[in-house]
Each structure stands twice: as C-alpha cells, then as structure tokens.
Amino acid sequence: MGDRNTAEAGVTGRDAGAGRDDELGRTGPDVSDPVNEGGRAEDAPTKGADAPAVRPRRRTSRTRRVLLGALVLFAVALLLMGGVAWWAVDHYTGKVDRISGVFPKVPAAAQPAASDGGQTFLLVGVDSRSDLPTTGRDAKAPEWKYGAQRSDTMMLVHLPADHSGAYVVSLPRDAWVDIPGHGKAKLNASFSWGGPPLLIDTVQRLTKVRVDHLAVIDWDGFKKLADSVGGVNLVVDGASRHMNGTQALTYVRERHHLARGDFDRTHRQQYFLRTLLSKVMQPSTFKNPVKAGEVLDDLTAAVSVDDRLGDGDLRDLLWDNKKVRPGNMVFMNAPAKGTGTIAGQSVVLLDQTNGSDLWRAMREDALDVYLQSHDVDRLGATTS
C-alpha cells in the first residue's frame, strides 16, 4: 500500500514541474533540437527544403506533455486505488470481534519466555453443538459457559519472523495432559472447565511455548463462509467431491469411521481450512465487489481474537504476511505415540520426547530446520 504522504508529495512535485514548463511554453531543453545545438535561434534552418525540421520539435513537445499528463493521471489512480484498499483493510479489521480476559493470570515462573522470533497464535475451533454462534459478531450464545462448550480444534499457528510462511500444529482434543488445578484429563476439557485462560495455561505448560495471541472460530461461521464462496472441492476416498457448507462441516466433524480416529480428524480440519483459504484468496473472489464484501463480512463475522490484538496490530500482521499463501503453509499433527484407554476414556498419548524437539524449534523460530531432520505426521496434498 505504501506511504500515501510520500506518493502525494511525488505527484505534487511532478505537477509543479509540469506547470513551470507550461509557463515557459516548452518542456525543457532537448539536446537533439537544432535550436539548441547552435546556441542561437538564427542558426536553425527556417525555409526551403530544410524548413520542416522545426515541426518535429512541436510534435515532440506535445507528445511529452501528453505522456507527462498520463503519468500524473496514472499516479493519481494508484493513490485512489491505494486509498480504497486502505479503507477496506481499516474497515474490515475494525469489524473483527475482540475477546477480553483470555490470558491466564499465573505467576511469572509459570509463564514461558517469549520466543526467539515470530509470533504464535492458539487457534481454537468451538464446537458448541448448538445453532447459536459462540464467537464473532453474530454470537448469541456465551463465549464460554462452564461445562457447556467444547473446543474440538486446537492448533498452534507459528508465523516466523521472516514471514516466509506459516506452521500449523494440531493438538489432539483427546490428548491426555495435565490441566492446572484439575489433574490429568483430555485437553479439550480445559476449555470446558475454564475457558480460554485455562486452555492457554494448559497448552503453555505442555509445550513451554508462549501464546502471543488467541483466535477463536465457530465451525458454524466457517460453514457460512464456505457457502459464500460457492462451496469447496475436497478429495474423499480418492475422488473429488464438491461440498456446500453443511456437507463440509459434516466432513470436518467425522471421527468414528476414520482409520486413525482423531489423527485423521485433525487432518480433515486442516485440509478444509487450507482449501477454504485457497478459495477465499482466489482473484475471482474479489472481481465482484458485492461478492467480495459478502465474503469479507462472513470471514470477519466468524472469527474473534484477543483484545491485545488491536486494529493497527491486525493491519500490521496482514501487511507483514501478505505473501503467505496456503501453498507455503505447513500443516502437521503434534507427535504422538498412539491411543489408549484411561479411566474408561479413549485418549491420545503424546510423544513427549519428539514433542519437546518440535516445541523447542517453535520457540527458537526454527521449524524449517526441524522439518529437515524429523519425520512428522504432515498433511499431504489431499486427505480423505
């Protein structure tokens, strides 16, 4: 978008220069002009066969003035386009709902140190099993009510300092972990019992990774977003299927008939998010201003972020990561040993050894190096 003040100053400077040339009745000295070569006007031929030599100077002057005017108009058009784009970014970042009080109030010793670079978000997908959205501008149900709502999606999203891409690590909802003040339980119970603060505290103690910001989505909102972009194409059992929002939500929630259970379910969530983002970011989405407005309205209505992420911070985040596309985002599952049964519950057993390497790489902003030396449960080009 650039510096608008600088751009305006540049246009003003060119306009002023053009004005001075017009006052003098010329566009500046031309070294190829016979009037200037001899230093005197009378040295130029004025009659006979050589007389037409004077006319190209007038045509050249007019051509240069036309080109200068075109450049000025082009610069003005760019400024207008930049102004519209700036208004759009400012308008829609201001429409994103903010959630207060999401960070845990814990002793400093229990708070992880800031990472060496980049930012880490905890992305939470709320599964209220209710017709009422629980987050975003359309929220009618409470954002959190003890025991009433579950988080079926928990992803740590790391944005590296060089803005080269994004790394998305899914934490299984059934991961058997220590929940502060509650003992051992499934990870998603922390959200049910204590909302975002307890979930963040649990994840930070598990990974030793500082959560810089929280983003919450309701799958019902993303169902609506999928419809506003005309549905998505997902590969299921080796065949491409076009799905509307309701069908895609059923696909994302499927769990019991998947070969790897929760691990395949998290990959389905990642696959749907990646596919939906690709569809949203297609140039065709923004060719129709009405459609673009509808998509952006649905997107901002479906997402909430913590109130530490102000409008300016959100604009900076978008600008810094403007080159990030779904194609250079890496999706993976947290390392796990497998599944088991504890106290009659089916749980996921995390791999603490391999997990510690992953979390260290995230803290050190070195996930690219980690991927070169570790086998990971990574999302492929498609998933069923």
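This passage describes the overall make-up of a predicted model and then turns to one strand, one helix and the aromatic side chains.

The protein chain contains eleven helices and 13 strands. Of its 384 residues, 43% are buried. Its accessible surface comes to about 19,900 Å², and carbon and sulfur atoms hold 54% of that area. Sequence-distant contacts are well represented: among contacts in the protein chain with a separation of 6 or more, 71% join residues 24 or more positions apart.

Strand 7, spanning residues 213–218, offers a good place to begin a closer look. This strand is mostly covered, with six of its six residues buried. In a regular strand, side chains alternate between the two faces of the sheet. In strand 7, His-213, Ala-215 and Ile-217 point one way, while Leu-214, Val-216 and Asp-218 point the other way. Residues on both sides of this division are buried, Asp-218 as well as Ile-217. Strand 7 runs antiparallel to strand 10 (residues 303–306), and three bridges join the two. Within this pairing, Ala-215 has Val-305 of strand 10 as its bridge partner.

His-213 also appears among the contacts of Phe-121, a residue of strand 2 (residues 119–127). With a relative accessible area of 9%, Phe-121 falls under the 20% cut-off and is therefore buried. What surrounds Phe-121, once neighbours within four places in sequence are left aside? Its contacts are Met-155, Leu-156, Val-157, Leu-159, His-213, Leu-309 and Leu-317. Val-168 can be placed relative to Phe-121 as well: the two are 47 residues apart in sequence, and their C-alpha atoms are 9.4 Å apart in space.

Helix 5 covers residues 219–228, and its buried residues are Trp-219, Gly-221, Phe-222, Leu-225, Ala-226 and Ser-228. Seen down the helix axis, these buried residues fall within an arc of 165 degrees, so they line one face of helix 5. Just after this helix, Gly-230 adopts a positive phi of about 85 degrees.

The aromatic side chains bring helix 5 back into the picture. The count of aromatic pairs comes to three. In one of them, the ring centres of Trp-219 and Phe-272 are 6.1 Å apart and the ring planes meet at 50 degrees, so this pair is tilted. Trp-219 belongs to helix 5 and Phe-272 to helix 7 (residues 262–280), so the pair ties together parts that are 53 residues apart in sequence. Trp-219 and Phe-272 are both buried. Another pair, Tyr-251 with Tyr-271, has ring centres 6.4 Å apart and planes at 65 degrees; this pair is edge-to-face because that angle is over 60 degrees. Here helix 6 (residues 245–253) supplies Tyr-251 and helix 7 supplies Tyr-271, so the pair ties together parts 20 residues apart in sequence. Tyr-251 and Tyr-271 are each buried. Ring pairs also link Trp-219, Phe-222 and Phe-272 into a cluster.

Charged side chains meet aromatic rings as well. The charged end of Arg-308 sits over the ring of Phe-103, at 3.8 Å from the ring centre. Likewise, Lys-322 lies over the face of Trp-319, 4.2 Å from the centre of that ring.

Conventions. Residues are numbered from 1 along each chain as its sequence is written. This is a predicted model: local features need pLDDT of at least 70, side-chain atom pairs count only at pLDDT 80 or more; totals for chains, interfaces and linings use all residues. Side-chain values use heavy atoms; hydrogens and water are left out. Buried means under 20% relative accessible area, exposed over 50%, partly exposed in between (1.4 Å probe, protein chains only). Helices (H or I, at least four residues) and strands (E, at least two) are DSSP runs, numbered from the N terminus. Two strands pair if DSSP finds at least two bridges between them. Contact means heavy atoms within 4.5 Å. Accessible areas come from the Shrake-Rupley method with a 1.4 Å probe; for residues, only the protein chains shown count as cover. The arc is that of the directions from the helix axis to the C-beta atoms. Rings of Phe, Tyr and Trp (its six-membered ring) pair if their centres lie within 6.5 Å; planes under 30 degrees apart count as stacked, over 60 as edge-to-face and the rest as tilted. A charge sits over a ring if NZ of Lys or CZ of Arg is within 6 Å of the ring centre and within 35 degrees of the ring normal.
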